[in-house]
Amino acid sequence: MKKYLAEMVGTMVLVLMGCGVAVSLGCDPVGNIPAVVGTALAFGLAVVAMAYTIGGISGCHINPAITLGCLLAGRMNAKDACLYMVFQVIGAFIGSALLACLVCNVDGLTGTGANDLQQGVSAMGGLIAEAVFTCVFVLVVLGATSKTNGATNNFAGLAIGLSLVLVHLVCIRYTGTSVNPARSIAPAVFQGGSALTNLWIFIVGPFIGAMCAAGIWKLISCPKCEAGE
């Protein structure tokens, strides 16, 4: 139970800090580039912080797409994967609820940092973006945490956090960057509107990307090395 609770706390922090910065800075991928950079850094730093806080307890997935990738890569069982995802979503709702409480008490702030298609981006374009960039992100996670990395495994949290910053900088113009279904579900439920209508994109896309990443990792990794043989 402790590892599930750790995932809940970690996801809560990710959503509260990442989405909180997006709302506070008024993140606009076209009209407010400094806020885009700030938002990207916030999500990346939140992952780094949680990686070194709960990584030794649960592995710090705090993302159903990462959990799916680890499941398909043979690093965890189906029961743990399902419970990880459930507690990640619960944590995201707690983080979004806290953010919603803050926002409603401050003049001029609105929303909960929900993902949505940006201006001129089609549903297919958004789906492709989420799948591609989630694939890249999950592949980094699988590689950085692999036993084949030896001593560099100690820096996995930093590598994963920086890769999330990079993914945000590229993808935020298209979808606001999710690559994490839990991060999208809770804010969309609180915010409603088109964010809720388009929510399926931010669930299906990341899961497709995670499956692709697991497949790529199986192709390029050494099974015996992964097992520590």
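These are my notebook entries on a predicted model, covering its core, two odd backbone angles, a surface patch and the cysteines.

**Core**

I started with the largest nonpolar core, which has 50 residues. I wanted to know which of them touch the most other members. They turned out to be Ile62, Phe137 and Val138. Next I looked up where the core residues come from: α1 (2–25), α2, α3 (64–72), α4 (78–103), α5 (123–144), α6, α7 (181–191) and α9 (201–220) each put in at least two. The biggest giver is α1, with ten residues. It fits the textbook habit that nonpolar side chains in soluble globular proteins tend to be buried together.

**Ile62**

I stayed with Ile62 for a while. This residue sits in the loop between α2 and α3. Buried or exposed? Its relative accessible area is 2%, under the 20% cut-off, so Ile62 counts as buried. I then listed its contacts, skipping neighbours within four places in sequence: Glu7, Gly10, Thr11, Leu14, Val47, Met50, Ile54, Gln88 and Asn180. I also checked the backbone, and phi of Ile62 is near 40 degrees, a positive value in a residue that isn't glycine. I noted that because most residues other than glycine have a negative phi.

**Val179**

Val179 got a second entry under positive phi, with a value near 45 degrees. I found Val179 in the loop between α6 and α7. At 1% relative accessible area, Val179 is buried.

**Surface patch**

Then I went to the outside. Which residues form the nonpolar patch on the surface? I wrote down Ile33, Val37, Leu41, Leu45, Leu166, Leu169, Val170 and Tyr174, with about 710 Å² of accessible area together. Two helices, α2 (33–58) and α6 (156–175), each supply at least two of the patch residues. I picked Ile33 for a closer look; it lies in α2. With 46% relative accessibility, Ile33 is partly exposed, because that class runs between 20% and 50%.

**Cysteines**

Last, I went looking for disulfides, meaning covalent bonds between the sulfur atoms of two cysteines. The count is zero. For Cys82, the nearest cysteine sulfur belongs to Cys70 and is 14 Å away. For Cys212, the nearest cysteine sulfur is that of Cys135, at 5.3 Å. Why does Cys212 stay unpaired in my count? The cut-off is 2.5 Å between sulfurs, and 5.3 Å is what Cys212 has to its nearest one, so there is no disulfide here. I also looked up the accessibility of Cys212: it is partly exposed, at 41% relative accessible area.

How values were computed
Residues numbered from 1 in each chain as written. Predicted model: local features only at pLDDT ≥ 70, side-chain atom pairs only at ≥ 80, totals over all residues. Heavy atoms only, no water. Patch = residues over 30% accessible without salt bridge, like charges linked within 9 Å, V, L, I, M, F, W, Y side chains within 5 Å. Areas by Shrake-Rupley, 256 points an atom, 1.4 Å probe, with all protein chains shown as cover. Salt bridge = Lys/Arg side-chain N within 4 Å of Asp/Glu carboxyl O. Helix = DSSP H or I, 4+ residues; strand = E, 2+ residues; numbered from the N terminus. Buried < 20%, exposed > 50% of the residue type's maximum accessible area, 1.4 Å probe, protein only. Core = buried A, V, L, I, M, F, W, Y, C linked by side-chain atoms within 4.5 Å. Contact = heavy atoms within 4.5 Å.
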